[in-house]
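Please open the viewer and keep the sequence beside it, since this tour moves from one selection to the next. Each stop says what to select and then what is there.

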Amino acid sequence: MKKIMMLVGVVLMGVANMGFAGELEELRSGLELSRINTETIKTIEIKTPVPARVEAVTVTGPGLSGRAADLGITLVIKGDNELVAGASAIYQATKNTFACMTVSLDEGSMAKQPKTVYPEFKQQNGLLTIPASMNSECAYKRVNEGSLNFSIPGKAEAYNTVSLLRNGGTAGEQQVSCKKIMSGPTGRQPMIMCFGDVNLDANGKAIVKVILE
């Protein structure tokens with residue numbers, strides 16, 4: 001999936017060089033994506049990271065066959081009631097208006113790129129949802145699966161995050177182990193360090209049991 005998203009970003013940059021606004025609609029309609037096969041993906045070399053633009057399409061290829069459009073991520077959080085889960089993900093604008101684009105240097109050339117935001121989402125009543133898109137003037141869409149963290153509000157901030165991975169998770173509980181540590185600038189700030197990546201199922205769902213050691 002990472003290769004698909006990076007390839008879409010490269011196609012988008014090519015569109016920007018030929019006339020950003022004129023060709024964007026062709027890319028959004030899927031005409032360019034329909035010409036891409038798995039062999040093309042394997043042989044393209046991407047030298048620099050380029051922000052990807054994700055369209056709601058069904059992708060085919062090794063390991064991706066039949067994957068449906070992203071409907072969002074839903075996590076059921078169980079375990080220690082003192083710990084509160086939070087999550088963050090990367091979202092990029094899908095509209096090419098002035099307010100939704102940024103200008104950056106790409107190997108010395110000026111290039112337009114979609115604005116990127118990193119919103120945070122909090123657990124509510126044992127449920128944490130990371131939407132596929134956000135209703136705004138820039139129509140932001142999520143371009144990664146995101147990450148999960150745990151904290152004790154008012155007492156201990158999150159020290160690190162655990163990854164959310166879409167690689168065949170099951171319907172059973174998955175465990176994340178956390179412990180209190182002393183860190184921060186002075187080394188005396190209580191924080192929560194956690195271990196254990198979370199594997200999402202094909203629908204972007206998982207049940208997470210968190211344990212405070």
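Which residue in β15 does M182 stand opposite? Select M182 and look across to β15, where P190 stands opposite it.

Before going further, please note that this is a predicted model, in which local features need pLDDT of at least 70 and side-chain atom pairs count only at pLDDT 80 or more, while totals for chains, interfaces and linings use all residues. Residues are numbered from 1 along each chain as its sequence is written, and side-chain values use heavy atoms, with hydrogens and water left out.

**The whole chain**

Show the protein chain as a cartoon, and you will find two helices and 17 strands; helices (H or I, at least four residues) and strands (E, at least two) are DSSP runs, numbered from the N terminus. The chain has 213 residues, of which 37% count as buried, where buried means under 20% relative accessible area, exposed means over 50%, and partly exposed lies in between (1.4 Å probe, protein chains only). Switching to a surface view, you are looking at an accessible surface of about 12,200 Å², of which 53% belongs to carbon and sulfur atoms; such areas come from the Shrake-Rupley method with a 1.4 Å probe, and for residues only the protein chains shown count as cover. Among contacts (heavy atoms within 4.5 Å) between residues at least 6 apart in sequence, 70% join residues at least 24 apart.

**The six-stranded sheet**

Next, select the open sheet of six strands, whose order is β8-β1-β17-β14-β15-β12, with mixed pairing; two strands pair if DSSP finds at least two bridges between them. The edge strands are β8 (127-130) and β12 (157-158), each of which pairs on one side only. Now colour residues 173-183, which are strand β14, and residues 189-195, which are strand β15: these two run antiparallel and are joined by seven bridges.

**A salt bridge from β14 to β1**

Stay with strand β14 and show the side chain of E173, which forms a salt bridge with K78, their closest N and O atoms being 2.8 Å apart; a salt bridge is a side-chain nitrogen of Lys or Arg within 4 Å of a carboxyl oxygen of Asp or Glu. Because E173 lies in strand β14 and K78 in strand β1 (residues 73-79), the pair ties together parts that are 95 residues apart in sequence. Both partners are partly exposed, E173 with a relative accessible area of 45% and K78 with one of 38%.

**A network of three residues**

How many salt bridges does a search of the whole structure find? It finds three, and to see the others you can select R142, E145 and R166, which are linked in a network of salt bridges. In this network the closest N and O atoms of E145 and R142 are 3.4 Å apart, and those of R166 and E145 are 3.2 Å apart. The pair of R166 and E145 links distant parts of the chain, 21 residues apart, with R166 in the loop between β13 (162-165) and β14, and E145 in the loop between β10 (140-142) and β11 (147-151). E145 counts as buried because its relative accessibility is 16%, whereas R166, at 22%, counts as partly exposed.

**Buried residues in β2 and β11**

Is A87, in strand β2 (residues 84-88), buried or exposed? A87 is buried, with a relative accessible area of 1%, and, leaving aside residues up to four places away in sequence, the residues that it touches include P119, F121, L128, I130 and S147. Measure from the C-alpha of A87 to that of E120, and the distance should be 5.6 Å, although the two are 33 residues apart in sequence. Then move to S147, which is found in strand β11 and is buried, with a relative accessible area of 19%. Beyond residues up to four places away in sequence, S147 touches G86, A87, S88, T161, V162 and L164.

**A loop and a surface patch**

Select T94, in the loop between β3 (91-92) and β4 (101-106), where a polar atom of its side chain lies 2.7 Å from the backbone oxygen of A139. With 7% relative accessibility, T94 counts as buried.

For the last stop, look at L105 in strand β4, which is exposed, with a relative accessible area of 61%.

Terms used:
A polar contact is a pair of N or O atoms within 3.5 Å; within protein, one must be able to donate a hydrogen and the other to accept it, and residues adjacent in sequence count only if both atoms are side-chain atoms.
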